[in-house]
Amino acid sequence: MTHPTQQLPGTSAPTGAGLVLDDVSLTLGDGDSTVTALDHVHLTVAPGELLAVLGPSGAGKSSLLAVAGALTRPSEGTVRIDGADVSSLTGARQAALRRERIGFVFQSGNLLPALTALDQLRFALHVAGGEGRGRDPLTLLEQVGMDHKADRRPHELSGGERQRVGIARALVTAPALLLVDEPTAALDRARSHEVVRLLAAETHEHGVATVMVTHDHDVLDHCDRVVHMEDGRLSV
Ligand SMILES: Nc1ncnc2c1ncn2[C@@H]1O[C@H](COP(=O)(O)OP(=O)(O)OP(=O)(O)O)[C@@H](O)[C@H]1O
């Protein structure tokens, strides 16, 4: 495993770029049944860094992605994405930040069944504000090794192929932050390595700050840094 940045949770990227969580807590539920999903979390992910987050079920990994992706407001602390303090933004600005600066990759690719691989990317660009920005969809499909299946719909693709298209779709807007939830859960060992190798290459070449939640210890060698989560707390 390589550790090019040697950053520890809590240290700040000098430019404020990438992702910074400063003393973030999240309490869920109400009354007697509240749960501390995130407990004073400090985390910095630099541009060009692929961070893996490991942890048992219920540790708070999904909560971490939700807060980092401006989907859930933390109960305490601040979240900065690409230098912007998320909590100071209106709901509309947060939604725009999500569309334009954050890419999400889910377990199964989460592609739209009716669209071809190429149209998945075009549609994501369109939703984010237009075809003139971001990366060229066909070139990006070529870079993830899927240009030869650009006209296929999701049901005509394998799990690994769907995951590649899902990654390309998340990257087409040229996001600052990429949030990835269990990308290898449905894949065999060889496909898992390919997919995480692709994530690492894109992260490094395009200066994306990438957070990948995973249970898959096999793929950790492709990651720059690994943190562990338990009971809402992070440790190295
Ligand atoms: N809407 C909610 N209301 C109350 N508690 C919740 C809610 N969502 C999650 N939790 C609790 O918050 C804690 C963290 O959950 P979270 O989904 O972030 O964990 P996780 O590490 O992603 O788990 P898994 O690996 O099973 O997906 C758990 O104790 C969970 O039961």
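Two strands count as paired when DSSP finds at least two bridges between them. With that criterion in hand, the tour of this predicted model may begin at the sheet that contains β4 and β5.

**Stop 1: the hairpin of β4 and β5**

Select strand β4, residues 76-81, together with strand β5, residues 84-85. These strands pair in the antiparallel sense over two bridges, and the bridge partner of Ile 81 in β5 is Ala 84. Two residues lie between the strands of this hairpin. Display the backbone at Asp 82, which takes a positive phi near 55 degrees in the hairpin.

**Stop 2: across the sheet**

Extend the selection to strand β1, residues 19-28, which runs antiparallel to β4 and is joined to β4 by five bridges. To find the register, locate Asp 22, which stands opposite Thr 78 in β4. Next add β2, which pairs with β1 in the antiparallel sense over seven bridges; Val 20 has Thr 44 of β2 as its bridge partner. The view now shows an open sheet of four strands in the order β2-β1-β4-β5, with antiparallel pairing. Its edge strands are β2 and β5, each of which pairs on one side only.

**Stop 3: His 40 and Glu 182**

Remain in strand β2 and select His 40. Its phi is near 50 degrees, a positive value in a residue other than glycine. Most residues other than glycine have a negative phi. Is His 40 buried, exposed or partly exposed? His 40 is partly exposed, because 15 other C-beta atoms lie within 10 Å, whereas a buried residue would need 20 or more.

Then move to Glu 182, in the loop between β7 (177-181) and α6 (189-206). Glu 182 is not a glycine, yet it has a positive phi of about 45 degrees. Glu 182 is also partly exposed, since it has 17 other C-beta atoms within 10 Å.

**Stop 4: the shell around the ligand**

Select the ligand and the residues around it: Leu 28, Gly 29, Val 35, Ala 37, Gly 55, Ser 57, Gly 58, Ala 59, Gly 60, Lys 61, Ser 62 and Ser 63. The elements that give two or more residues to this shell are β2 (35-45) and α1 (61-68). Which element gives the most to the shell? That element is α1, with three residues. Colouring the shell by residue class shows four nonpolar, seven polar and one charged residue.

**Stop 5: the largest nonpolar core**

In soluble globular proteins, nonpolar side chains tend to be buried together. The largest nonpolar core here has 65 residues, of which Ala 168, Val 211 and Met 212 touch the most other members. Centre the view on Val 211. Leaving aside neighbours within four places in sequence, Val 211 is in contact with Leu 19, Val 45, Leu 51, Val 53, Leu 65, Ala 68, Leu 179 and Val 180.

**Stop 6: Thr 210**

Finish at Thr 210, in strand β8 (residues 209-213). Thr 210 is buried, because 29 other C-beta atoms lie within 10 Å. Not counting residues up to four places away in sequence, Thr 210 touches Leu 50, Leu 51, Leu 178, Val 180, Leu 199 and Thr 203. For a distance across the model, select the C-alpha atoms of Thr 210 and Thr 139: these residues are 71 residues apart along the chain, and the atoms are separated by 21 Å.

Definitions and conventions
Residues numbered from 1 in each chain as written. Predicted model: local features only at pLDDT ≥ 70, side-chain atom pairs only at ≥ 80, totals over all residues. Near = placed C-beta within 6 Å. Nonpolar A, V, L, I, M, F, W, Y, C, P; charged D, E, K, R; others polar. Core = buried A, V, L, I, M, F, W, Y, C linked by C-beta atoms within 7 Å. Buried ≥ 20, exposed ≤ 12 C-beta atoms within 10 Å, placed from the backbone. Contact = placed C-beta atoms within 7 Å.
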